[in-house]
Amino acid sequence: MDSRKNHKFILFNALHYSYHTYVTRVNKYEGDNRMKYVLTFCVISLIAVSRMSTADILMVPSEYGSIQEGIDAANTGDTVSVEPGMYFESIDFMGKEITVSSVSGTPINTSINGSSSSGSVVVFENGETSNSILEGFTIRNGSAISGGGIYIYNASPVVRNCVIKNNQASVSGAGIYAVSNAAHETISLEDITISNNTAVGSGGGIYFNNCEVTISNCELLNNSALNGGAIYIKDSEFSLSDMAFNDNTASANGGAIYIKETTGVALDCAFVNNTANSGGAWFIYLNCTATISDSIFLGNSVTNTGGAATVRNNSI
């Protein structure tokens with residue numbers, strides 16, 4: 001038994017013993033003395049229970065040899081704290097409400113590299129919530145059918161302060177793939193750079209379907225796909241703010257963004273040097289309502305129509 005679980009086991013046994021001692025002795029007291037004894041026992045019990053419920057920090061690799069081993073051992077509210085280095089593995093949050101973070105909280109010196117095996121580098125597919133947090137990593141070299149970097153299915157995690165680069169998908173969402181088959185799951189992305197990811201189908205950087213999406217302070221750079229070089233969004237609601245979309249490419253439509261049957265707002269975004277057949281920056285198709293404000297369009301290009309945007313059957 002590891003030390004963090006062992007001290008909880010000791011506390012539990014001590015509390016259990018104290019309770020039986022209390023039952024034996026309390027009958028010896030009457031009146032005020034009995035009340036004092038009861039209050040003392042309650043205070044001690046509360047202290048012990050609070051100690052038992054304290055969240056732990058699990059260190060990788062000094063305590064656990066891999067990030068996944070840390071996740072396996074973690075309980076609700078714990079933090080798996082990862083020391084600088086290159087970790088050749090793939091990880092699965094396994095539905096846990098935990099934080100997996102680099103020690104510094106930034107991605108500069110801590111990478112999860114998926115090149116050692118096929119499949120997504122990071123997986124959320126067991127009902128993870130906004131209390132399931134990934135922070136401070138470079139996620140790289142993943143290769144999967146969908147979600148080479150991060151795969152999200154029926155889950156609502158938070159991803160922040162990460163770099164997601166050089167991932168591939170043979171279908172959709174090379175950097176991030178997020179899909180819900182029931183009610184809209186809420187996806188939050190904060191302070192992320194998504195670059196040099198390639199999807200054969202849709203969403204070189206990110207693919208969303210049936211999600212509620214909030215993305216802020218992110219850069220999408222040099223991603224490519226058939227449709228939606230940077231982002232493809234379908235049947236969803238989105239909020240984009242303080243974003244930069246530079247040098248993304250779609251061989252068909254939507255060099256930066258392709259949306260379909262989707263509603264959303266883009267505020268304070270820059271679209272620079274994105275290319276496509278149609279819709280150099282935006283391709284907005286079929287029953288969409290989009291509001292784009294305080295944003296810059298510069299140097300976006302097409303071989304067909306709509307250097308800045310192509311809009312079909314929509315409100316904008």
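Biologist: Which residue in strand 24 is the bridge partner of serine 239?

Modeller: Valine 265. This is a predicted model.

Biologist: What makes strand 21 and strand 24 a pair?

Modeller: The bridge count. Pairing needs at least two bridges. Strand 21 (residues 237-246) and strand 24 (residues 263-272) have nine, in the parallel sense. Therefore they count as paired.

Biologist: How do you know that strand 24 pairs with strand 27?

Modeller: Five bridges join strand 24 to strand 27 (residues 289-293), and the two run parallel. The threshold is at least two, so the pair qualifies. Within strand 27, serine 293 is the bridge partner of leucine 267.

Biologist: And what joins strand 24 to strand 28?

Modeller: Three bridges, again in the parallel sense, with strand 28 covering residues 296-298. Leucine 298 of strand 28 is the partner of valine 272.

Biologist: In what order do the nine strands of the open sheet run?

Modeller: The order is 4-7-11-14-17-20-23-26-30, with parallel pairing.

Biologist: Why are strand 4 and strand 30 called edge strands?

Modeller: Because strand 4 (91-92) and strand 30 (309-312) each pair on one side only. Inside the order, strand 7 (residues 122-124) and strand 11 (residues 150-153) are joined by three parallel bridges. There, valine 122 stands opposite isoleucine 150.

Biologist: Why is the pair of phenylalanine 238 and tryptophan 282 called tilted?

Modeller: The structure holds eleven aromatic pairs. In this one, phenylalanine 238 and tryptophan 282 are 6.3 Å apart centre to centre, with 40° between the planes. The distance limit is 6.5 Å, so the rings pair. Stacked needs under 30 degrees and edge-to-face over 60, so 40° is tilted. Phenylalanine 238 lies in strand 21 and tryptophan 282 in strand 26 (residues 282-285), 44 residues apart.

Biologist: What makes tryptophan 282 buried?

Modeller: Its relative accessibility is 0%. The cut-off is under 20%, so tryptophan 282 is buried. Phenylalanine 238, at 5%, also counts as buried.

Biologist: Why is the pair of tyrosine 258 and phenylalanine 283 called stacked?

Modeller: The planes of tyrosine 258 and phenylalanine 283 are 25° apart, and the centres 5.0 Å. The stacked class takes angles under 30 degrees, so the name fits. Tyrosine 258 is in strand 23 (residues 257-260) and phenylalanine 283 in strand 26, 25 residues apart. Both residues are buried. They belong to one aromatic cluster with Tyr151, Tyr177, Tyr207, Tyr232 and Tyr285.

Biologist: How do you know that cysteine 218 forms no disulfide?

Modeller: The closest cysteine sulfur, in cysteine 162, is 9.9 Å away from that of cysteine 218. A disulfide needs sulfurs within 2.5 Å, so this is too far for a bond. The sulfur of cysteine 269 has its closest cysteine sulfur in cysteine 218, at 9.9 Å, too far for a bond. A search of the whole structure finds zero disulfides. Cysteine 218, at 3% relative accessibility, is buried, and so is cysteine 269, at 2%.

Biologist: What makes serine 202 buried, and where is its place?

Modeller: Serine 202 has a relative accessible area of 13%. That is under 20%, so serine 202 counts as buried. Its place is the loop between strand 16 (198-199) and strand 17 (206-209). Serine 202 touches residues including Tyr207, Asn227 and Tyr232. From asparagine 227, serine 202 is 25 residues away in sequence but 4.8 Å in space, C-alpha to C-alpha.

Conventions
Residues numbered from 1 in each chain as written. Predicted model: local features only at pLDDT ≥ 70, side-chain atom pairs only at ≥ 80, totals over all residues. Heavy atoms only, no water. Helix = DSSP H or I, 4+ residues; strand = E, 2+ residues; numbered from the N terminus. Buried < 20%, exposed > 50% of the residue type's maximum accessible area, 1.4 Å probe, protein only. Contact = heavy atoms within 4.5 Å. Phe/Tyr/Trp six-rings, centres within 6.5 Å; stacked < 30°, edge-to-face > 60°. Lists of a residue's contacts leave out its neighbours within four places in sequence.
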